[in-house]
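Please open the model in your viewer and set it to show side chains as sticks over a cartoon trace. The stops below say what to select next and what to look for once it is on the screen.

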Amino acid sequence: MKLSPSKLNSFLMLKLPSAWLCGVRVKHIDATECAVGVKHKWINQNPFNSMYFAVQAMAAELSTGALVMNKIQASNKKISMLVAQNKAEFTKKATGKIRFTCFDGNKVNEALQKTIVTGEGQTFWMKSVGVNEDGVDVAVFEFEWTVKLKSKK
């Protein structure tokens with residue numbers, strides 16, 4: 001079963017309801033990129049009339065994590081995934097519609113191939129850039145993902 005925006009958004013509603021309630025939605029996913037949108041609203045604002053940083057982080061993480069999920073599913077292997085660390089840089093107030101896009105699908109392929117061949121866990125960094133409706137970058141997030149074959153019990 002190939003992951004699609006609608007399937008990922010249903011997953012979001014069931015498994016990450018706080019992201020769903022804040023308006024985080026997958027807009028596009030393919031083999032190399034994933035785009036996630038979120039609109040500044042009352043429910044996701046901070047006291048400074050812009051989007052709360054944690055909402056931006058949820059959207060950015062989903063843009064990277066959906067690519068990892070997609071590649072794991074395609075591998076037909078039991079592989080765990082986890083964020084080990086993250087970094088963020090905020091360059092402009094996030095207001096209006098923000099789109100976080102990650103273009104690092106190929107990095108996932110390399111890490112999964114190594115973990116399947118060696119049986120050892122792998123770590124890799126993925127970047128997601130948030131852009132407003134005017135095409136201006138508002139934030140850049142980087143996530144260090146770890147993948148590992150699940151042990152057979």
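What follows is a walk through a predicted model, one selection at a time.

**First stop: helix H1**

Select residues 5-15, which make up helix H1, and colour Leu8, Asn9 and Leu12, the residues that are buried there. These residues cover an arc of only 100 degrees around the axis, which puts them on the same side of H1. Now turn to the other side of H1, where Ser6, Leu14 and Lys15 are exposed. To see what covers the buried residues of H1, add helix H2 (17-21), strand S1 (25-29) and helix H3 (53-75), which are among the elements that do so.

While that region is on the screen, select Trp20 and Arg25: the charged end of Arg25 sits over the ring of Trp20, 3.3 Å from its centre.

**Second stop: two loops on either side of the H3 selection**

Select Asn49, in the loop between strand S2 (34-39) and H3, and then Asn76, in the loop between H3 and strand S3 (79-90). What is there to notice about the backbone? Most residues other than glycine have a negative phi. Asn49, however, has a positive phi, near 60 degrees, and Asn76 likewise has a positive phi near 60 degrees. Asn49 is exposed, with a relative accessible area of 54%, and Asn76 also counts as exposed, at 69% relative accessibility.

**Third stop: the aromatic cluster**

Select Phe90, Phe100, Phe141 and Phe143, which ring pairs link into a cluster. The model has 4 aromatic pairs in total. One of them is formed by Phe100 and Phe141, whose rings meet edge-to-face at 5.8 Å centre to centre, with 70 degrees between the planes. Phe100 lies in strand S4 (residues 97-102) and Phe141 in strand S6 (residues 137-149), so this pair ties together parts that are 41 residues apart in sequence. With a surface switched on, check the position of these two rings, since both Phe100 and Phe141 are buried.

**Fourth stop: helix H4**

Select residues 105-118, the 14 residues of helix H4, and place a distance between the C-alpha atoms at its two ends, which are 20 Å apart; at 1.5 Å a residue the helix should span 20 Å, so the two values agree. Next colour Gly105, Val108, Ala111, Leu112 and Thr115, the buried residues of H4. They cover an arc of only 120 degrees around the axis, which puts them on the same side of H4. Which elements do these buried residues pack against? Show H3, S3, strand S5 (122-131) and S6, against which the buried residues of H4 pack. Rotating to the face turned away from that buried side brings up the exposed residues Glu110, Gln113 and Val117. Just after H4, select Gly119, which takes a positive phi of about 80 degrees.

**Last stop: charged side chains**

Select Lys107 and Asp104, whose side chains meet in a salt bridge at 4.0 Å, N to O; the count for the model comes to 1 salt bridge. Lys107 counts as partly exposed, at 38% relative accessibility, whereas Asp104 counts as buried, at 15%. To finish, select Lys87 together with Trp125, where the charged end of Lys87 sits over the ring of Trp125, 4.5 Å from its centre.

Conventions. Residues numbered from 1 in each chain as written. Heavy atoms only, no water. Phe/Tyr/Trp six-rings, centres within 6.5 Å; stacked < 30°, edge-to-face > 60°. Helix = DSSP H or I, 4+ residues; strand = E, 2+ residues; numbered from the N terminus. Buried < 20%, exposed > 50% of the residue type's maximum accessible area, 1.4 Å probe, protein only. Lys NZ or Arg CZ within 6 Å of the ring centre and 35° of its normal. Arc of directions from axis to C-beta. Contact = heavy atoms within 4.5 Å. Expected span 1.5 Å × (residues − 1).
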